[in-house]
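This report concerns a single structure, which is displayed below for reference.

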Amino acid sequence: MQRGLVGLVLLWLCGCGQISERKQPPPSLQQLASSDLDLSGEQLANGYCAACHVKPEPEVLDRATWEGKVLPDMRKRMGLFLPEDFGTSLPEDEGVPEGIYSKVPLITRENWQKILAYYLEEAPEKPIPQQKMPLPKSGIPGFKLEIPRFPMVRASLTTMLKVEPETGHLWLGHRFRSLFVLDSKNGFKELDSIPTPVAPVEMKWKEDGSFTLLSMGLMDPANDSLGVLADYTRRETGWTGSPLQEKLLRPVHVEFADWNGDGTEDYLISHFGNHLGKLSLYLSDSSGFRELILKKDPGARRTIAVDFDGDGDLDILALMTQAKEAVLLFENLGGGKFREERLLAFHPAFGSSDFRYEDMTGDGLPDLILVNGDNADLSQVLKPYHGVRIFENQGSGDFEESWFYPMHGASGLEVGDFDQDGMVDLVAISFFPDKAQKPKRDLLYFRQASKGRFEAHVLPQAPDLHWLSIAKGDLDLDGDLDIVVGTFAFDELYQPPVSTWAPFVILRNGLK
């Protein structure tokens, strides 16, 4: 039995082709630990890294980041602690749940030294620079920048922006337990202030004037279960919230659709979490809603309800971030059953942040548009592969990257035909920009000048603000799409605000 296992492991590690292209599953960490093979550092990395996620190649990070941050954490996750770790805090001391870091070594010290040597020998001394691209043009065609001014002193910590389609009102979520309704046609006068759980992140209006709101709980990385999905109804004394789901694991997105075809809207919650998380579909039944866990991993970021296979029922596209980064398809098989398929996969330092599913080429086939730029974890260095990408639909369930524009720290995305020329444009923001880069590229507008050719534009005089959220909508109800970009002032997180409120800026569309 052991000889057969060793042969299987050796065949997998030494076979031709890239790890991500192999059809057979990789050996588990337990299989690798018991294989007793004399393997090179690269072969060991192929096995140990790919047992949990797509293997990152050495060049994705510089040598110092590998050595000082990423590799030590990976080693500890595999249960190998060395004398150099004495005096440092253990995972359980930092609130890490059991099961994340192995309690028994899954790799020998000798094999770990081979992996360490492989990465440190092959990694670049400094981060690889961005590829050369045409500089963004100064000025965003058709748009005028507006920075609304508010008289009150309030922390500028915007967590959500939504433009109400019927009225143009702007609904704004604030980190400090508030949801504001602002009159976009009257100087953004405050129409309402609604107390909420911390950090509202997603909402949907109902025909009767009520709405459903998803509140995240703690924004900072944590394994808390303080998130709430609730219905809000207006009463004489104000708004009243009725929880639909509580104790959610740091949720960041909710999608509403009728996946079981019973005429009642279901909801799909992305529990981003931290070390723990999940992607949960809540299907309606005779007793209310039952939870179906589609994925029990942290990092669920956004989902899209779509009939992907054209069979008449709704499937699910999901963006998973954290270590096991991927765009996944959950095909609806009926009867509350779904089949998972991986459409795209990325290494764990890729930093996936947001995505959309829109036809960018006009061929009738929706494409995947993705921004990646999460830079908040163990590798806080500029990365050349951060940016905006289009993966073109090949018509057979396959997607191939057809366009890339580098953008340090790309974090948010909106897609639309903003100039109404029949071709879809893009706008992206960065939460982790390169502050030394000129011109400033924390907000980029990409006008599709011809099929598949995008012109990058920046604000001519970019304000000194930090972007976290972005939304599109017709604020003035004149028939074109405006863009709202939310600010998040780090220096106002843990101290009383001293400046007047500057929660967002407007890119006002002047088409009509």
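The sections below treat the basis of the model, its core, its charged pairs, its cysteines and selected residues.

## Basis of the model

The model is predicted: local features need pLDDT of at least 70, side-chain atom pairs count only at pLDDT 80 or more, and totals for chains, interfaces and linings use all residues. Residues are numbered from 1 along each chain as its sequence is written, and side-chain values use heavy atoms, with hydrogens and water left out.

## Nonpolar core and helix α5

The largest nonpolar core holds 44 residues, and W66, L317, V327 and L368 touch the most other members. Such a core is a set of buried Ala, Val, Leu, Ile, Met, Phe, Trp, Tyr and Cys residues joined through side-chain atoms within 4.5 Å. Here, buried means under 20% relative accessible area, exposed over 50%, and partly exposed in between, with a 1.4 Å probe and protein chains only. In soluble globular proteins, nonpolar side chains tend to be buried together.

Which helix contributes the largest share of the residues in this core? Helix α5 (residues 109-122) does, with six residues. Helices (H or I, at least four residues) and strands (E, at least two) are DSSP runs, numbered from the N terminus. Helix α5 has 14 residues and reaches 20 Å from its first C-alpha to its last, close to the 20 Å expected at 1.5 Å a residue; the expected span is 1.5 Å times one less than the number of residues. Its buried residues are N111, W112, I115, L116, Y118, Y119 and L120, and the buried residues of α5 pack against α3 (41-50) and α4.

## Surroundings of L317 and R302

Beyond its neighbours within four places in sequence, L317 is in contact (heavy atoms within 4.5 Å) with R302, T303, I304, V306, F308, L328, L329, L343, F355, Y357 and L368. One of these partners, R302, belongs to strand β15 (residues 300-306).

R302 is buried, at 17% relative accessibility. Residues up to four places away in sequence aside, R302 touches H253, S270, L317, A318, L319, D354, F355 and R356. With H253, the contact is also polar, joining the two side chains at 3.4 Å. A polar contact is a pair of N or O atoms within 3.5 Å; within protein, one must be able to donate a hydrogen and the other to accept it, and residues adjacent in sequence count only if both atoms are side-chain atoms.

## Salt bridges

How many salt bridges does a search of the whole structure find? The count is 29, where a salt bridge is a side-chain nitrogen of Lys or Arg within 4 Å of a carboxyl oxygen of Asp or Glu. Side chains of opposite charge can pair when their charged atoms come close. R75 and D85 form one such bridge, at 2.7 Å from N to O. The pair links distant parts of the chain, 10 residues apart, with R75 in helix α4 (residues 63-77) and D85 in the loop between α4 and α5. R75 is buried, at 2% relative accessible area, and D85 is buried at 9%.

The side chains of R356 and D354 also meet in a salt bridge, at 2.9 Å from N to O. R356 is buried at 12% relative accessible area and D354 at 3%. In a further bridge, the closest N and O atoms of E401 and R389 are 3.1 Å apart. E401 lies in strand β22 (residues 399-406) and R389 in strand β21 (residues 387-393), so this pair ties together parts 12 residues apart in sequence. E401 is partly exposed, at 43%, whereas R389 is buried, at 7%. In addition, K137, D419, R447, R453 and E455 are linked in a salt-bridge network.

## Cysteines

The structure holds zero disulfides, a disulfide being a pair of cysteine sulfur atoms within 2.5 Å. Why does C49 form no bond with C52? The sulfur of C52 is the closest cysteine sulfur to that of C49, but at 8.6 Å it is too far for a bond. C49 is buried, with a relative accessible area of 15%, whereas C52 is partly exposed, at 38%.

## Strand β23 and the following loop

S411 is located in strand β23 and is buried, with a relative accessible area of 16%. Not counting residues up to four places away in sequence, S411 touches S353, D354, V371, I429, S430 and F431.

G422 occupies the loop between β23 (410-416) and β24 (425-430) and is exposed, at 67% relative accessibility. G422 and Y118 are separated by 304 residues in sequence and by 50 Å in space, C-alpha to C-alpha.
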